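Biologist: I am new to reading protein models and would love a close look at one part, the place where two chains meet. Could you walk me through it slowly, with the surroundings that help to make sense of it?

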Amino acid sequence: MQKLGPYFFILPAVAVMFAGLVYPVLQAFYLSFFDWKIGTDIDDAPFVGFAHFIRMMSDEAVLESLWVTLRFGFWTITIEMFLGVSLALLLEKPIRGASVFRTIFILPLMVSPVVVGLIWRYLFDARIGWINYYLGYLGIEPQVWLGDAQLAFFAMVFTDIWQWTPFIFIIVIAGLQALPSEVLEASKIDGANWWQHIFFVKLPMIKSILIIALLLRLIDVFRALEVMFIMTGGGPGRATEVLSLHIYNRAFTTQQLGYASAISVLLILIVFLLSLAILKLGNPMKDKADI
Amino acid sequence: MAQKRINSPVSIYSHYAALVLLALITLAPIWIMIATGFKPDVVVQSRDPVWFFFVPTLDNYEFILTRGRFDTYLWNSIIVGTISTVLTLLFGGLCAYALARTDFRGRMFTANATLLVRMVPPAVLAVPAFAMVIQFSLDNDLAVLIFFYTALNLPFAVWLLFGFYKQIPVELEEAAIVDGASPLQVFFRVLLPLMKSGYAVAGIFTFRIAWNEFILALLLTGRSTRTLPVGAAGFITDTGVEWGRIMAMGTLIVIPPLLFTFFAARQIIAGMTAGAVKG
């Protein structure tokens, strides 16, 4: 009984995670071998072997949405890391009222992604959008933001930066404030100036935090689709169709469930590798049990 | 705490000025949403942005509260959010406790696997979930959503609660065991009261995800089982977008997450940063 105890404790959670996360992933893998279309019986779907995977490798739509995802990840994460880390370094000093500001900064993270999409779709609206109005002051003609491939991509990046820079900012501030003061003191006594202090002491010490933040954001770029779904639906063309959204559209707009499953195998592989990288950096749950 | 620091180039005044500016950038879109929900259609449709000075109206709210199916969506969201949160905390708490306090064969595997499945993208679940719904004729059943939200939230909850259990001294439990308490009694009588804030944080994160989730809800719900985000997205139609109504709906959806933020900002930040900072 004593030996079996832990298994009873973990059983419900493990069972639900298996049935709700692991099993669907395995099923997606299984379905990827069949040409199953919406409205037909799954048992009648013809077996196609690796045909979907072979087709995927030269499918311009898949490659394009993968490219969109990578470009989107590159621009958003680069800008968010730069802004978030710089602001955190400048504004890390504990000051009166810091908690009020921090409360405000987490708001974009708490708002539903659907609502974020709705708000920014309104702001980027070509006719009554506020962004066009204020750009008018700078002498910039009204743009059809969400109807032009490049502008729509820019609008997505902009929205993401608004929503996620605060996340980097808060994480990095927490990391900076947790640094041991002795080291900072030592660096000060040794006569480091502000820049040296940042680049040779602080940043190296929070390196692991920066890497984890980067990986978490990257995984999220591959997982999230709501904002694009609401703002553009992936369009115009495929300009803002990230991989997750592409899978959804493949499955439920073009109704190719089997092929969409094959693409989701690709997505799960990418996310799995990124997650392994995080795991390599340390799983806090690995500490030996105390009893 | 009052440590000396190398003089930052930022003076205290510019420090505040920068924070205020950033706060305004953060708040502006949210404020625009709230304001737009209270604007009459004439003001919404005019090309000039109006920040503050307009005659507020409740027309938009009246429309969505009386003519849509807002009450159904709200009820569905509450049911799904609450039940999946309770299940997540119950199952996740037991699992985290076992991982934090006992050593057993497969412990490391469970811990690692839990962290790996945390990242499963909802889009990957879409097709299998759809297949499951067809196979067992589960369309229009909220239980499906509850099930998937519990599964999606469990990894993070286990991981977060693990950290909280680790902070409780083992001696407390040992004393209870010496006094003859069973493992379940130790769990419910000794640990649970000390875990209140841990469960509060995990509960907030879980409820928020369930409350905000869109893509699975869109796929797995029908007319009578739609949740609020799906209802809100439904306001966007090909014939036109009623911005006043959409923003009113958005404001209503955002109320619970906003309340959490104001009452538990510190704990939410602790939960968010725990992943990166302690790890």
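Modeller: Happy to help; what follows goes from one chain, to the contact between the two chains, and then to some details on each side. Please keep in mind that this is a predicted model.

Let us begin with chain A. Chain A has 14 helices and zero strands, so its pattern along the sequence is simply one α after another, α-α-α-α-α-α-α-α-α-α-α-α-α-α. Along the principal axes, the C-alpha atoms of chain A fill a box of roughly 75 × 75 × 30 Å. Of the 291 residues in chain A, 44% are buried. Now take the contacts in chain A with a separation of 6 or more: 68% of them join residues 24 or more positions apart.Next comes the meeting place itself. On the chain B side, 91 residues are in contact with 90 residues of chain A. Several helices of chain B give two or more residues to this side, namely α1 (12-37), α4 (70-101), α5 (107-117), α6 (122-135), α7 (142-166), α10 (196-212), α12 (228-233) and α13 (243-278). The biggest giver is α13(B), with 20 residues. By class, the residues on the side of chain B that touches chain A are 65 nonpolar, 18 polar and eight charged.

One pair of helices gives us a good view of how the chains meet. Helix α14 (residues 257-280) of chain A packs against α5(B) with the axes 9 Å apart and at an angle of about 130 degrees. That angle makes α14(A) oblique to α5(B). The crossing of α14(A) past α5(B) is right-handed. From α14(A) come F272(A), S275(A) and L279(A), and they meet N112(B), L115(B) and L116(B) of α5(B). Sorted by class, this contact of α14(A) with α5(B) has four nonpolar, two polar and no charged residues.

Let us zoom in on a single residue, L225(A). You can find L225(A) in the loop between α11 (207-223) and α12 (226-231) of chain A. L225(A) counts as buried because it has 25 C-beta neighbours inside 10 Å, and the cut-off for buried is 20 or more. Which residues does L225(A) touch, leaving aside those up to four places away in sequence? In chain A they are V242(A), S244(A), L245(A) and Y248(A), and from chain B come A123(B) and I215(B). For a sense of distance, L225(A) and L107(A) are 118 residues apart in sequence, while their C-alpha atoms are 19 Å apart in space.

Some of those partners lead us to helix α13 (residues 243-252) of chain A. This helix is mostly covered, with nine of its 10 residues buried. The buried residues are L243(A), S244(A), L245(A), H246(A), I247(A), Y248(A), N249(A), R250(A) and A251(A). Look back at the list for L225(A), and you will see S244(A), L245(A) and Y248(A) there too. What covers the buried residues of α13(A) comes from both chains: chain A gives helices including α3 (60-90), α11, α12 and α14, and among those from chain B are α6 and α11 (215-220).

Now let us cross over to chain B and look at two helices that have already appeared in the interface list, α4(B) and α10(B). Their axes come within 9 Å and cross at roughly 140 degrees. At that angle, α4(B) counts as oblique to α10(B). Here, too, the handedness is given: α4(B) passes α10(B) in a right-handed crossing. On the α4(B) side, the contact is made by S77(B), V80(B), G81(B), S84(B), T85(B), T88(B), L89(B), G92(B) and G93(B). On the α10(B) side, the partners are Y199(B), A202(B), G203(B), T206(B), F207(B), A210(B) and W211(B). This contact of α4(B) with α10(B) has seven nonpolar, nine polar and no charged residues.

Finally, here is how chain B is divided. Its domain assignment gives domain 1 (12-57) and domain 2 (65-278). The C-alpha centres of these two domains of chain B lie 31 Å apart. Where they touch, seven residues of domain 1 are in contact with six residues of domain 2. On the domain 1 side, α1 and α2 (41-45) of chain B each supply at least two residues, and α1(B) gives the most, with four residues. That side of domain 1 has three nonpolar, two polar and two charged residues. Notice that α1(B) is also among the helices that give two or more residues to the side of chain B that touches chain A.

Note on methods: Residues numbered from 1 in each chain as written. Chains lettered and ligands numbered in written order. Predicted model: local features only at pLDDT ≥ 70, side-chain atom pairs only at ≥ 80, totals over all residues. Contact = placed C-beta atoms within 7 Å. Nonpolar A, V, L, I, M, F, W, Y, C, P; charged D, E, K, R; others polar. Domains from an automatic or database assignment. Buried ≥ 20, exposed ≤ 12 C-beta atoms within 10 Å, placed from the backbone. Axes fitted to C-alpha atoms, helices over the stretch in contact; angles between N-to-C directions. Parallel < 35°, antiparallel > 145°, perpendicular 65-115°, else oblique. Left-handed = near helix turned anticlockwise from the far one by under 90°.
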